[in-house]
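Trainee: I should like a close look at a single part of this model, namely a place where two helices pack against each other. Please then set that part in its wider surroundings.

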Amino acid sequence: MLAFSIRRIIGAVPTLLALIAISFFVMRLAPGGPFAANRKLTEAIIANLNKAYHLDEPVWMQFGRYLWGLLHFDFGPSMKYRDFSVTELIVHGFPVSLEIGVWAMLLAGVVGIALGIVGALRRNGVTDLSVGIIAMVGVAIPTFVIGPLLQILFGLKLGWLPIAGWDGSVNAKILPIVVLALPNIAYISRLMRGSMIETLRANYVRTARAKGIGARRVVWKHALTGAMLPVIAYLGPATAITVTGSVIVEQIFGIPGIGRYFVEGAANRDYPLVMGVTILYGGIVILANIVTDVARGIIDPKVSYE
Amino acid sequence: MSDLVAGTAQPPETTTSVGQSPLKASWRRFSRNKLAVGSMIILALIVLACFASPLLFPFGPEDADFDNIAAPIDLFSAHPFGTDEFGRDLLLRVLVGGQVSLAVGFVGALTAVIIGVLYGATAGYVGGRLDNFLMRTVDVLYGIPYFFLVVLINLLVGRTVTGLFVSIVVVLWLTPAVIARGQAVSLRHREFVDAARAGGMTEWQIIRQHIVPNSLNVVIVYSSLLVLEVIITESFLSFLGLGIQPPASSWGSLIDTGARAIETDPRLLLLPGGFLATTLFCLNFIADGLRDAFDPSER
């Protein structure tokens with residue numbers, strides 16, 4: 001088990017390095033440096049700026065310098081926000097992104113699993129069919145359409161929640177969290193429903209029933225544990241969807257998280273900022289995939305460690 | 001186990017008689033699925049509307065009609081869904097924007113599938129060290145959340161329609177590669193391939209009559225899902241302002257404009273959003289229908 005975890009972590013190192021290398025070299029090769037738009041600068045000032053940011057060194061030296069910095073959690077200076085380092089921007093924005101991300105994942109897990117169980121137990125009933133429709137809507141319609149629609153409904157028409165903004169109040173957080181959770185609610189409820197139906201037919205559940213265990217106990221203790229496995233295996237992809245979705249949700253609702261920095265950075269060609277966010281988010285998704293694999297190994301005895 | 005089910009689900013003569021190829025049998029199953037066929041018709045209408053009907057409008061998508069600024073919805077006027085604050089026809093703008101979304105979606109998915117299948121099939125058939133090397137590379141790239149890769153590569157190739165197309169294809173060929181490789185490896189060792197070989201078929205006959213039709217199923221099903229993914233990715237980027245740049249527009253960038261104007265004119269959001277959502281719904285149903293038709297064991 002421990003050996004498997006260590007092997008899995010070592011296996012992720014090339015992916016992380018590839019992520020860093022790709023973002024680094026793409027950013028260096030991309031046209032239009034951060035100072036290119038500003039025509040008022042003289043040659044000497046540009047040369048000095050390039051020197052200050054080590055842009056005059058050979059690319060491989062810059063890459064080494066960047067890797068060395070990463071080891072010290074130093075993502076370099078931001079080229080747009082001159083007074084801040086990328087690390088400072090991330091430290092500033094990440095808690096906000098983390099907050100809505102974690103809540104959205106929890107909400108998706110609880111609601112998705114609950115809807116899936118209801119759907120499986122009352123198959124083809126009214127609840128099941130409406131859950132199916134909600135799930136399909138959540139899968140098919142992207143968050144950047146649903147988000148503004150919910151803004152119109154709850155913000156403009158009903159006036160229950162603020163349309164956008166981030167003042168730290170609970171009300172301002174509800175819509176972003178719900179919108180971020182929606183795609184995962186859809187996927188998890190589908191996944192849970194399918195695996196629950198399959199598990200209820202499994203031999204061990206029939207054995208439990210045959211031994212005279214009550215229906216409630218069979219569902220909650222025996223079937224549920226087995227049916228949870230595909231949902232746990234989905235933890236990795238769910239993290240990726242949440243991380244990507246947070247970029248959209250922060251844009252729609254004007255939330256000062258790092259997803260917004262990523263979009264702004266990409267628009268302004270603020271290389272270190274884009275790279276910092278990419279590496280941080282990529283690292284989180286890679287980590288989530290490792291945790292998922294290890295968790296599956298612990299919970300499901302059928303998963304081999306090969 | 002599932003192979004057995006797939007084998008028995010088709011009548012035995014499907015492999016021998018000329019008029020009953022597995023592909024045709026699958027197509028018959030698909031055409032009985034009303035939801036999928038209906039979706040296909042609606043999608044065809046949307047494609048037709050986007051690419052043909054702008055020719056029928058006497059004005060262009062960027063032409064301002066100063067007599068009708070911010071005109072309301074009036075289905076029998078020159079501007080059926082009205083105009084925006086610059087007097088541009090809303091419907092025409094959405095249809096022309098759809099050209100970009102649909103073209104990038106279909107051509108992008110097709111290109112990604114071709115690259116992926118060639119790559120994956122090579123790895124699977126050749127096997128050995130080459131397979132190991134090719135698939136290790138895919139594994140490494142696969143661990144990275146693809147949205148960030150697309151944005152990075154898009155910065156390199158530029159925010160034009162071609163640039164968008166290239167950056168999406170460069171990232172999204174990975175899954176078809178994995179699928180095609182798995183298919184190639186598993187088919188090589190299947191009983192019916194052994195049986196065909198024992199029965200005296202040449203390698204070329206086996207490839208043509210067994211390997212290709214059997215891989216085609218999976219590829220067709222996956223391609224329909226990929227179209228969905230490419231369209232969403234393109235809209236996603238354009239929505240964030242990282243995709244297509246004005247004056248060109250796609251559904252994503254129109255939704256962005258609409259989302260900023262929800263307090264003044266919800267039509268700007270609802271029209272492109274509705275077209276995009278309908279397209280995605282249709283593609284979902286078509287993909288489901290294709291999966292049921294081509295892969296009965298999956299049901």
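Mentor: In chain B, the axes of helix H4 (residues 90-126) and helix H12 (residues 267-294) approach within 10 Å and cross at roughly 35°. Axes here are lines fitted to C-alpha atoms, for helices over the stretch in contact, with angles running from 0 to 180 degrees between N-to-C directions; helices (H or I, at least four residues) and strands (E, at least two) are DSSP runs, numbered from the N terminus. The model is predicted: local features need pLDDT of at least 70 and side-chain atom pairs count only at pLDDT 80 or more, while totals for chains, interfaces and linings use all residues. Residues are numbered from 1 along each chain as its sequence is written, and chains are lettered from A and ligands numbered from 1 in the order in which they are written.

H4(B) passes H12(B) in a right-handed crossing, meaning that the near helix is turned clockwise from the far one by less than a right angle. On the H4(B) side the contact is formed by B:Leu90, B:Val94, B:Gly97 and B:Gly98, and on the H12(B) side by B:Arg267, B:Leu271, B:Pro272 and B:Phe275. Two residues are in contact if their C-beta atoms, placed from the backbone, lie within 7 Å. By class, five of these residues are nonpolar, two polar and one charged; Ala, Val, Leu, Ile, Met, Phe, Trp, Tyr, Cys and Pro count as nonpolar, Asp, Glu, Lys and Arg as charged, and the others, Gly among them, as polar.

H4(B) also supplies the largest share, 16 residues, of the largest nonpolar core. This core has 143 residues, and those with the most contacts inside it are A:Ile188, B:Val151, B:Ile168, B:Leu172 and B:Ile255. Such a core is a set of buried Ala, Val, Leu, Ile, Met, Phe, Trp, Tyr and Cys residues joined through C-beta atoms within 7 Å, where buried means that 20 or more other C-beta atoms lie within 10 Å of a residue's own. Setting aside residues up to four places away in sequence, B:Leu172 touches B:Ala112, B:Tyr146, B:Leu226, B:Glu229 and B:Val230.

H12 of chain B has a further role in contacts between chains. Across the interface, 32 residues of chain B are in contact with 36 residues of chain A. H12 is among the helices of chain B that each supply at least two residues of the side touching chain A, although the largest share, eight residues, comes from H6(B). That side divides into 26 nonpolar, five polar and one charged residues.

Methods
Buried ≥ 20, exposed ≤ 12 C-beta atoms within 10 Å, placed from the backbone.
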